[in-house]
Amino acid sequence: MSERTVARPRTPSSTRRAIAAATIGNALEWFDLGVYALMAAYIGKTFFPGGNAAVQLVQAYAVFGITFLVRPLGGLVLGAYADRFGRKKALVLTIWLMVAGTFLLAVMPSYATIGFLAPVGVIVARLIQGFAAGGEFGAATSFLIEQDDRRKGFLGSFQFASQGFATLMSAGFAAGLTASLSADAMTSWGWRIPFVFGLLVGPVGYYIRRHVDEPEATKEDQPKSAPVRTLFRFQWGGLLIAGGALVVSTSLNFILQSLPTFAIKNLGLDDSLSFVALMITAAILTVVTPIVGLLTDRHGRIRIMIGAAAVIGAGVVPLYLWVTTSPSFLTLTITMTILGLLKATYFGALPSVMADVFPAHTRATGLSFAYNATVGIFGGFTPTIATAMIAATGSPVSPGYYLLATASLSIVALVAANRRRGIR
């Protein structure tokens, strides 16, 4: 009998280990993404030639974008691996791939040392990390919700709570390092410290994942061939519903990450205080999301999520208007706190709702592709769309209308999940 078909009784301690195993890789992924974005100016100076800091920053961000291009491919390959051979094996593989990419980035010599091999090495590192991240969400979310069918909202919520914790950690590293080190020290070696920290986390994550049990098997959860082919032939409805439900969450996530930079550049707020506002929001997402997940198991997931999406759509324009007409650290912090609470309320149950639109034998594949394709399109392009809307309209509140549109799209997807798939 394969490891995937052995049923083991779940205990509170085994459930806690399962949560730790699933979330540590997701946290490492988002920590790496956050650190790279926050350290992009130093990375650009280290690995890309030329003396124009603005061009180097653009090049560093272009490499950052490569992650999003390769993630759907990683989602299909590693998601199918998880569906065919088990969630646990896929989780062990993805964390080693992420560690390999982080290691390359942490130790890569500068352009001044090895020339063009430096930017090539950075690109390879990001491709490995993006491929691994592509399979992480589907395998980890499937692993979490399959622990206990009665607590899917609560267990699945830790997938996104770990993103908040990772954002908190990356922002904390950025604030602490830039405050304690000179610009020259940051460019020379300081930016590498968070990536070295990631290398220390990786082996711990591997050990935890290696020593957890596979979720209990069901008849539906037997390994089947060709999950990718099955997904694209018969489950387009699930892909559209899962992706549509995610749209407002991923759009709001990138708006929250860009708000401090917006406040610094356009409202004249202090750099360090703006990043403190981001840290406060990240703390809210870390703590509140599992609480919301627990409530959704008791009171219904779809109802709570539709209410949160409606408030996001209706409230984001007035909040943008307030922070732009009365710019201060207080208004920025209150705005980001409100948006953080709304986001936590919405995506507390989101992983379990997305998972429920797919049958178990294609769940990891479907989740991985829907998640990464949506994040790549709506998340990756959200800062560009927001900036273009501000430039075209001359109104700094125009990104709020974009969030209104994505909130409407997600509400439609949630209604479809309820009526067509019977998800509550």
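Colleague: I'm new to this one, so let's start with helices α4 and α9: is their crossing left-handed or right-handed?
Modeller: The crossing of α4 and α9 is left-handed. Keep in mind that this is a predicted model.

Colleague: And at what angle do the axes of α4 and α9 cross?
Modeller: Helix α4 covers residues 87-107 and helix α9 covers residues 193-210, and their axes cross at roughly 165 degrees, coming within 9 Å. An angle over 145 degrees counts as roughly antiparallel, so α4 is roughly antiparallel to α9.

Colleague: Which residues meet there, and how do they divide into nonpolar, polar and charged?
Modeller: From α4 you have Lys88, Leu91, Val92, Thr94, Ile95, Trp96, Val99, Thr102, Phe103, Leu105 and Ala106, and they meet Phe195, Val196, Leu199, Gly202, Gly205, Tyr206, Arg209 and Arg210 of α9. The split for this contact is twelve nonpolar, four polar and three charged.

Colleague: Let me step back a moment. How many helices and strands does the protein chain have?
Modeller: The protein chain has 18 helices and zero strands. It runs to 424 residues, and 55% of them count as buried.

Colleague: What share of the contacts in the protein chain with a separation of 6 or more is between residues 24 or more positions apart?
Modeller: That share is 84% of those contacts.

Colleague: Next pair, then. At what angle do α6 and α7 pack?
Modeller: Helix α6 (residues 117-145) and helix α7 (residues 152-180) pack at about 150 degrees, and their axes are 8 Å apart. Since the cut-off for roughly antiparallel is over 145 degrees, α6 and α7 are roughly antiparallel to each other. As for the hand, α6 passes α7 in a right-handed crossing.

Colleague: Which residues make the contact between α6 and α7?
Modeller: On the α6 side they are Glu136, Phe137, Ala140, Thr141, Leu144 and Ile145, and on the α7 side Lys152, Leu155, Gly156, Gln159 and Phe160. Six of the residues in this contact are nonpolar, three polar and two charged.

Colleague: What makes phenylalanine 131 count as partly exposed?
Modeller: Phenylalanine 131 is in helix α6. Its relative accessibility is 23%, and since buried means under 20% and exposed means over 50%, phenylalanine 131 is partly exposed. Beyond its neighbours within four places in sequence, phenylalanine 131 touches Val70, Leu73, Gly74, Val77, Leu78 and Leu97. From C-alpha to C-alpha, phenylalanine 131 is 7.3 Å from glycine 75, though the two are 56 residues apart in sequence.

Colleague: Why is arginine 151 called partly exposed?
Modeller: Arginine 151 is in the loop between α6 and α7. At 32% relative accessibility it falls between the 20% and 50% cut-offs, so arginine 151 counts as partly exposed. Leaving aside neighbours within four places in sequence, arginine 151 is in contact with Thr15 and Asp297. The C-alpha atoms of arginine 151 and aspartate 297 are 6.0 Å apart, with their positions 146 residues apart along the chain.

Colleague: What is the angle between α13 and α18?
Modeller: Helix α13 (residues 301-325) and helix α18 (residues 399-421) pack at about 170 degrees, with 8 Å between their axes. With over 145 degrees as the cut-off, that makes α13 roughly antiparallel to α18. The residues of their contact divide into 17 nonpolar, three polar and no charged; among them are Ile302, Met305 and Ile306 of α13 and Leu403, Leu404 and Ala407 of α18.

Colleague: How do you know whether serine 410 is buried or exposed?
Modeller: Serine 410 lies in helix α18. Its relative accessibility is 0%, and buried means under 20%, so serine 410 counts as buried. Setting aside neighbours within four places in sequence, its contacts are Gly244, Ala245, Leu246, Val247, Val248 and Tyr346. Serine 410 and leucine 246 are 164 residues apart in sequence, yet 6.8 Å apart in space, C-alpha to C-alpha.

Colleague: Last one: how do you know whether the span of helix α14 agrees with its number of residues?
Modeller: Helix α14 (residues 329-347) has 19 residues, so at 1.5 Å a residue it should span 27 Å; its end C-alpha atoms are 26 Å apart, which agrees. Its buried residues include Thr331, Leu332, Met336, Leu339, Tyr346 and Phe347.

Key. Residues numbered from 1 in each chain as written. Predicted model: local features only at pLDDT ≥ 70, side-chain atom pairs only at ≥ 80, totals over all residues. Heavy atoms only, no water. Axes fitted to C-alpha atoms, helices over the stretch in contact; angles between N-to-C directions. Helix = DSSP H or I, 4+ residues; strand = E, 2+ residues; numbered from the N terminus. Parallel < 35°, antiparallel > 145°, perpendicular 65-115°, else oblique. Left-handed = near helix turned anticlockwise from the far one by under 90°. Contact = heavy atoms within 4.5 Å. Nonpolar A, V, L, I, M, F, W, Y, C, P; charged D, E, K, R; others polar. Expected span 1.5 Å × (residues − 1). Buried < 20%, exposed > 50% of the residue type's maximum accessible area, 1.4 Å probe, protein only.
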